[in-house]
Amino acid sequence: MKTPHTLTDDQQVVEVEPNISSGVGVLDKAALILSCLEAGPVTLGQLVKATGLARPTAHRLAVALSHHRMVARDVQGRFMLGPRLMELANAAGADHLLAVSGAVLNQLCHVTGESAQVYRRQGNWRVCVASAERPVGLHDSIPIGTQLSMKAGSAAQVLLAWEDQNRLVEGLQDAYFSAAMLASVRRLGWAQSAGERERGTASVSAPVRSPSGKVIAAVSISGPIERLGMQPGRKYAEVVVDAAHKISQALRNV
């Protein structure tokens with residue numbers, strides 16, 4: 001059985017699994033920082049605690065990664081993944097989520113007759129990264145690239161519900177939903193909202209999971225309350241959950 005490699009830095013010891021360590025210390029530490037930011041924004045203190053790196057080293061590397069746009073800062077000054085990573089993924093054709101979402105969203109839109117979207121969390125926002133629009137009639141148009149609040153809407157509930165306790169408590173501040181509602185989302189496996197993000201609009205969302213089981217996105221349908229009703233999950237939860245499952249399964253098969 002292989003033992004973990006260790007990186008020493010100013011008498012700090014960081015254990016890195018063999019499949020992560022490359023033997024190039026500074027590269028491994030930078031990768032460790034990026035891995036830590038995968039779950040969302042962190043303060044410098046949280047970054048130090050999560051990585052085990054010395055505070056000056058963690059700060060120096062995070063700032064250096066910011067220079068290359070691989071790390072960014074949110075409005076609170078916390079470190080988060082930067083836009084360059086998305087650009088590189090798109091250039092390499094490695095964004096499997098987008099690759100597998102299109103057909104599923106089109107089918108979801110066809111079955112429900114409503115607009116369908118996939119959202120990812122980016123700092124304090126959720127970003128629409130894929131969509132399928134209702135071809136005719138009144139619809140809730142959300143163009144790709146649209147940034148929406150993490151404080152309202154069924155997709156925000158889904159993207160927050162499975163976060164760790166600290167992020168969950170932080171995310172609930174000034175939110176339209178409560179801790180009890182997020183507990184229900186985790187129990188049911190889907191979320192709904194009516195007039196939460198925008199007056200007169202309703203939505204249903206379900207989690208998309210990575211091959212490791214982490215919630216990485218939310219699949220949603222949205223439209224006028226007049227069509228979806230005040231309890232849209234009663235009618236559409238099953239089909240939205242099925243769409244999210246299909247995307248999750250496709251990611252495992254890539």
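**Exercise 1.** Leaving aside neighbours within four places in sequence, which residues is Ile247 in contact with? Then place Ile247 in its core.

*Solution.* Keep in mind that this is a predicted model. Start with the contacts: with those neighbours set aside, Ile247 touches Leu97, Val100, Ser101, Val104, Val118, Val208 and Val219. Next, look at the largest nonpolar core, which has 29 residues. Ile247 is among the members that touch the most others, along with Val118, Val208, Val219 and Val240. Now ask who supplies this core: two or more residues come from each of helices H5 (96-112), H9 (225-228) and H10 (233-253), and from each of strands E5 (115-122), E6 (125-132), E9 (201-209) and E10 (215-224). H10 chips in the most, with seven residues. Last, there's another core apart from this one, with 18 residues, including Leu160, Leu182, Ala191 and Ala218.

**Exercise 2.** Find the largest pocket and work out what lines it.

*Solution.* First, the space: the largest pocket holds about 1,300 Å³. Then the lining: of its 39 residues, Glu38, Leu81, Arg120, Arg121 and Ile216 sit closest to the centre. Finally, the elements: H1 (25-37), E4 (79-81), H4 (83-92), H5, E5, E6 and E10 each give two or more residues to the lining. H4 gives the most, with four.

**Exercise 3.** Hunt for aromatic pairs, then for charges over rings.

*Solution.* Pairs first: there are zero. Now try the arginines. Arg126 has its charged end over the ring of Tyr119, 4.8 Å from the centre. Likewise, the charged end of Arg209 sits over the Trp162 ring, 5.0 Å from its centre. Both distances pass the 6 Å cut-off.

Notes. Residues are numbered from 1 along each chain as its sequence is written. This is a predicted model: local features need pLDDT of at least 70, side-chain atom pairs count only at pLDDT 80 or more; totals for chains, interfaces and linings use all residues. Side-chain values use heavy atoms; hydrogens and water are left out. Rings of Phe, Tyr and Trp (its six-membered ring) pair if their centres lie within 6.5 Å; planes under 30 degrees apart count as stacked, over 60 as edge-to-face and the rest as tilted. A charge sits over a ring if NZ of Lys or CZ of Arg is within 6 Å of the ring centre and within 35 degrees of the ring normal. A nonpolar core is a set of buried Ala, Val, Leu, Ile, Met, Phe, Trp, Tyr and Cys residues joined through side-chain atoms within 4.5 Å. Buried means under 20% relative accessible area, exposed over 50%, partly exposed in between (1.4 Å probe, protein chains only). Contact means heavy atoms within 4.5 Å. On a 1 Å grid over the protein atoms alone, a cavity is a set of points where a 1.4 Å probe fits but cannot get out, and a pocket is an open set with protein on both sides within 12 Å along at least five of seven lines; lining residues have an atom within 4 Å of a point. Grid points are joined across faces, edges and corners, and a volume is the space filled by probe spheres set on the points.
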